[in-house]
Amino acid sequence: MIKTMTIALAIAATAAAAPASAVAAPLRIETPWLRETPPAARTGAGYALIRNAGRREDRLLDARSTVAERVEVHSMTMDGGIMRMRPVTGGLAVPAGGAVALRSGGYHLMLMGLKRPLRRGDVVEIRLRFAHAGELPVRFRVEPIDFRPEGGQHGR
Ligand SMILES: [Cu+2]
């Protein structure tokens, strides 16, 4: 019993030190990070890899955080040689047994109306709301502009 408690405390301490991933089975949010911003920036961007080990599709409906007036889910596409961002309508699909990447140049979280700059090393909670998994608080760490997640699976 005491041994079990020790292990639980050790896991809790590790989780507090490094916001590596968040799990709400069957979803797993890997390497959630925010891009650091210049002091006067009014917008910020967030990235992560969202895995779905389940047998049915889920959808990221929306998100919110206390650091911004609102958080939107955006797509980025090339349109006649111009990069365009648009809010994703109807939710972003996370396929059954698959994953969706929020990454530079693709889908991302857009923090609109930033209330303070995002500084390297800060940890910011963003609550992601999914159609099936519900609302999931995720700790995003602020990283330098040229940050690439380990493995590069969603930072390319
Ligand atoms: Cu955007």
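The questions and answers below go through a predicted model of one protein chain.

Residues are numbered from 1 along each chain as its sequence is written. Because the model is predicted, local features need pLDDT of at least 70 and side-chain atom pairs count only at pLDDT 80 or more, while totals for chains, interfaces and linings use all residues.

Colleague: What pattern does the protein chain follow along the sequence?

Modeller: Helices (H or I, at least four residues) and strands (E, at least two) are DSSP runs, numbered from the N terminus. By that rule the protein chain has one helix and 11 strands. Read along the sequence, the pattern is α-β-β-β-β-β-β-β-β-β-β-β.

Colleague: In which helix is confidence lowest?

Modeller: Confidence is given as pLDDT, the predictor's own score for each residue, from 0 to 100. Its mean over the protein chain is 87, and 83% of the residues reach 70 or more. Strand β7 (residues 92-94) has the highest value, at 98, and the lowest, a mean of 51, belongs to helix α1 (residues 2-17).

Colleague: How many contacts beyond four places in sequence does the model have for residues 13-17?

Modeller: Two residues are in contact if their C-beta atoms, placed from the backbone, lie within 7 Å. Over residues 13-17 pLDDT stays under 50. For this stretch, the number of contacts beyond four places in sequence is zero.

Colleague: Among contacts between residues at least 6 apart in sequence, what share join residues at least 24 apart?

Modeller: This count covers the protein chain and leaves out pairs that are less than 6 apart in sequence. The share joining residues at least 24 apart is 68%.

Colleague: What percentage of the 156 residues is buried?

Modeller: A residue is buried if 20 or more other C-beta atoms, placed from the backbone, lie within 10 Å of its own, exposed if 12 or fewer, and partly exposed in between. Of the 156 residues in the protein chain, the buried ones make up 28%.

Colleague: Which residues have the most contacts inside the largest nonpolar core?

Modeller: A nonpolar core is a set of buried Ala, Val, Leu, Ile, Met, Phe, Trp, Tyr and Cys residues joined through C-beta atoms within 7 Å. The largest one has 30 residues. Ile-126 touches Gly-46, Ala-63, Ser-65, Val-71, Leu-109, Val-138 and Phe-140, not counting residues up to four places away in sequence. Those with the most contacts inside the core are Ile-50, Leu-60, Leu-109, Val-124 and Ile-126.

Colleague: Which side chains of strand β8 point to one face and are buried?

Modeller: In a regular strand the side chains alternate between the two faces of the sheet. Strand β8 (residues 99-102) shows this alternation, with Ala-99 and Ala-101 pointing to the other face and not buried. The buried pair is Val-100 and Leu-102.

Colleague: Which residue of β8 stands opposite Leu-49?

Modeller: Two strands pair if DSSP finds at least two bridges between them. Strand β3 (residues 43-52) and β8 are joined by four bridges and run antiparallel. Opposite Leu-49 stands Ala-101.

Colleague: In β9, what is the bridge partner of Arg-70?

Modeller: Strand β9 (residues 108-114) runs antiparallel to β3, with four bridges between them, and there Ala-45 has Met-110 as its partner. Strand β5 (residues 68-79) is also antiparallel to β9, through six bridges. The partner of Arg-70 is Met-112.

Colleague: Which residue in β10 is the bridge partner of Arg-64?

Modeller: Strand β4 (residues 58-64) is joined to β7 by three antiparallel bridges, with Asp-58 matched to Val-94. Four bridges join β4 to β10, again antiparallel. The partner of Arg-64 is Arg-127.

Colleague: Is Thr-31 buried or exposed?

Modeller: Thr-31 is in strand β2 and has a positive phi of about 45°, although it is not a glycine. Because 22 other C-beta atoms lie within 10 Å, Thr-31 is classed as buried.

Colleague: Which residues is His-132 in contact with, leaving aside its neighbours within four places in sequence?

Modeller: His-132 lies in the loop between β10 (123-130) and β11 (134-143). It has 14 C-beta neighbours inside 10 Å, so His-132 counts as partly exposed. The C-alpha atoms of His-132 and Arg-56 are separated by 9.2 Å, with their places 76 residues apart along the chain. The contacts of His-132 are Arg-56 and Asp-58.
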